[in-house]
Amino acid sequence: MKASHSDVERTLSVREIASRKKPSVYDNVTKQFNKAADLMNLDPDIRKILAMTANEIIVHFPVRMDDGRIEMFTAYRVQHNNALGPFKGGLRFHPLVDIDEVRALATWMTWKSAIASIPFGGAKGGIQLDPSRYSVSELERITRRFTFALGSNIGPEYDIPAPDVNTNPQIMAWILDTYLSTMSPHERQRCTHVVTGKPIESGGSVGRDKATGQGVVFTIEEWAKDRGFSLHGATYMVQGFGNVGSWAARLMKQKGAKLVAIEDISSVILNLEGIDSDELANYAKNNGGLISGYPNAEPIDHDTFLQTEADIFIPAALENQITSNTAQWIRVKLVAEGANGPTDPDGDTILREKGIDVIPDILCNAGGVIVSYFEWLQNKRSEFWELEEVDCKLHKKIVSAYARVRDMAKEFSTDWRTAAYIVALSCLERVYKERGIFP
Ligand code: NAD
C-alpha cells in the first residue's frame, strides 16, 4: 500500500489532522457553477436542482485492528445527480476527507460525465483515514466494512465506485468481493460492474490504469495542435506522482517532452536537463510509491517548484494548489489539470490575467471515467476489449469533448472552465426539459 503522509503527520491522529481548517472546495464549485449558469442563462428551476446534491450518506463503522482493538471510522458517499445515468465516481482514502470535499468531487463528476458524453451521473466517496497508518489486512477489513455499511446505496446499475487518491485496483477487488458476497448466488455473475478500476483478472479493463493520464496527454496534444506548438522538446512539470501524475509524466516523455520538476507528498525535485519519468516510476515502485531520495535530480522546496519555468504544468495531486497566493508564481504556457480542483477561482483569475491557458479538470482528467465506462460496458456484455480498441475509443471521446468545450468557449467568449460547465449544464438542462419533473 502506498504511503501518503510525512512522518510528522503520521504522528498526528486523524481527528487532529481533520480539525485543521481547510478552504471549502464546495465553495469553489458553487462559484464556478454560478458563473456559468449566469452566462448561459440557465433555466432557474433547473439551476435549483443542479445546485444541490441528491443524496449524502455518512456512515460510522467499527473495524477490528490487528492488535485486537476496535477503531471507529467515518466515511462518505455523496450522489450529486443521476439524470444521465447511474451515479459514478471514485473513492478516496485521506485524513482530510470531509463532506464538503466529497460534495464538490461528486458534483464535478456529474459535469465530467456530461462533457464526455457518457451515460453516467456524478458521485464520490471517501474514508477519513491515513492509509499509511494501517496494515494491508486492516485496510482490507476497513474497505469491506465500508462496502457493507453502504449496502444497496451502491450497485452496478445505481452507483459505481472507482479508484481515486490512495485507492487502487486491489481496493476495488475487495469492494467487488464484499458486494458480491451480499448477493444471492444467481445474481452474483451479473454484478461485476459494481466497481470499475478493478484488476484485469477480476473484470477490469486493459488501459484503465493509465486512462486518466492518457486522457490528460490527449487533451494536451489537442491544445498543442490548436496553438501550433510542438510537444517535442517542450518542458513540463508535474505535481503528484501517483496514478494520474506518473502516467501523465511517462506518456509526455513518449511525445518527446522533457520533465524538469516534480513534487509528491515526500519530496520536490528539479533537473533542468530532464528527469527520466520511466526511471523515476521504477524508482518510486521500489520506494513505497514515493520520489524522495531519487538520485538524478536536486531537491528543491515547494515554492521554488511552483516558480519553475516550463511550458506545461500538470497538477495531479490534490485541490486548491493554485490560489491567490501561488498563481502569481506560475510561469508556464498551459496548466493541464490532472487533479480535481487544483485551481481555486482566485487562482483561475490570476492565470487568465497572466495569459496562461487552462485545460480544466472536468475535461482534462475525464479519461478515467471514460475508460471506467468502457469497463462497465465490457462487464455488462461479457466482452474483453484489446488495449488498442480502448485507447482508440478513449481518444475519440476525449477529442470530441475537447472540441465541444473549445467551440463553446468561442461561442460565449469565455474561459475554458466556464465553457466546460456550459457544455455540461446545457446537456442536463435539455434532459430535464424533455422529461419534466415528477409528479
Ligand atoms: P494517487 O493517490 O495515486 O496519487 C496522489 C499523488 O499526489 C501521490 O503521488 C501523492 O504523493 C501526491 N500528493 C498528495 N498530497 C500532496 C501534496 N500535498 N503535495 C504534493 N503531492 C501530493 O491519486 P490519483 O488517483 O493519482 O489522483 C490524483 C488526482 O487526480 C486527484 O485529484 C484525483 O481526484 C484526480 N483524479 C484521479 C483519477 C483516477 O483515475 N485515479 C481520475 C480523475 C481525477
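**Reading the ligand site, sheets and backbone**

Mentor: A backbone N or O atom of Gly242 lies 3.1 Å from an oxygen atom of the ligand. This is a polar contact, that is, a pair of N or O atoms within 3.5 Å; within protein, one must be able to donate a hydrogen and the other to accept it, and residues adjacent in sequence count only if both atoms are side-chain atoms. The model is predicted, so local features need pLDDT of at least 70 and side-chain atom pairs pLDDT 80 or more, while totals for chains, interfaces and linings use all residues. Residues are numbered from 1 along each chain as its sequence is written, and side-chain values use heavy atoms, with hydrogens and water left out.

Trainee: How many residues surround the ligand, and which are the closest?

Mentor: A residue is counted as near if one of its heavy atoms lies within 4 Å of the molecule. Here 23 residues surround the ligand, and Asp164, Asn166, Thr212, Phe241 and Asn340 are the closest. Asp164 also places a polar side-chain atom 2.7 Å from a ligand oxygen atom. For Gly338, a polar backbone atom is 3.5 Å from an oxygen atom of the ligand.

Trainee: In what order do the 5 strands of the open sheet stand?

Mentor: Strands pair through backbone hydrogen bonds, either parallel or antiparallel. Strands (E, at least two residues) and helices (H or I, at least four) are DSSP runs numbered from the N terminus, and two strands pair if DSSP finds at least two bridges between them. In this model the order is β1-β2-β4-β3-β5, with mixed pairing. β1 (55-64) and β5 (159-163) stand at the edges with a single partner strand each, so one side of each has no neighbour in the sheet.

Trainee: How are β1 and β2 connected?

Mentor: The two strands form a hairpin with 5 residues between them, and Gly68 in the turn has a positive phi of about 95°. Their pairing is antiparallel over 10 bridges, and Glu56 stands opposite Val78 in β2. Strand β2 (residues 70-81) is also joined to β4 (residues 122-128) by 6 bridges, again with the strands running antiparallel. Within β4, Gly126 stands opposite Tyr76.

Trainee: Which strands stand at the edges of the open sheet of 7 strands?

Mentor: An edge strand is recognised by its pairing on one side only, and in this sheet β9 (298-299) and β12 are the edge strands. The full order is β9-β8-β7-β6-β10-β11-β12, and the pairing is mixed.

Trainee: In which sense do β6 and β7 pair?

Mentor: Strands β6 (residues 235-239) and β7 (residues 258-263) pair in the parallel sense over 5 bridges. To locate this pairing in the structure, begin at Thr235, whose bridge partner in β7 is Lys258.

Trainee: What phi does Asn320 have, and where does Asn320 lie?

Mentor: Most residues other than glycine have a negative phi, and most peptide bonds are trans. Asn320 is not a glycine, yet has a positive phi of about 50°. The residue lies in the loop between β10 (312-315) and β11 (334-336).

Trainee: Which residues does a cis peptide bond join?

Mentor: The bond between Phe438 and Pro439 is cis, with omega at about 5°. Pro439 belongs to the segment after α17.
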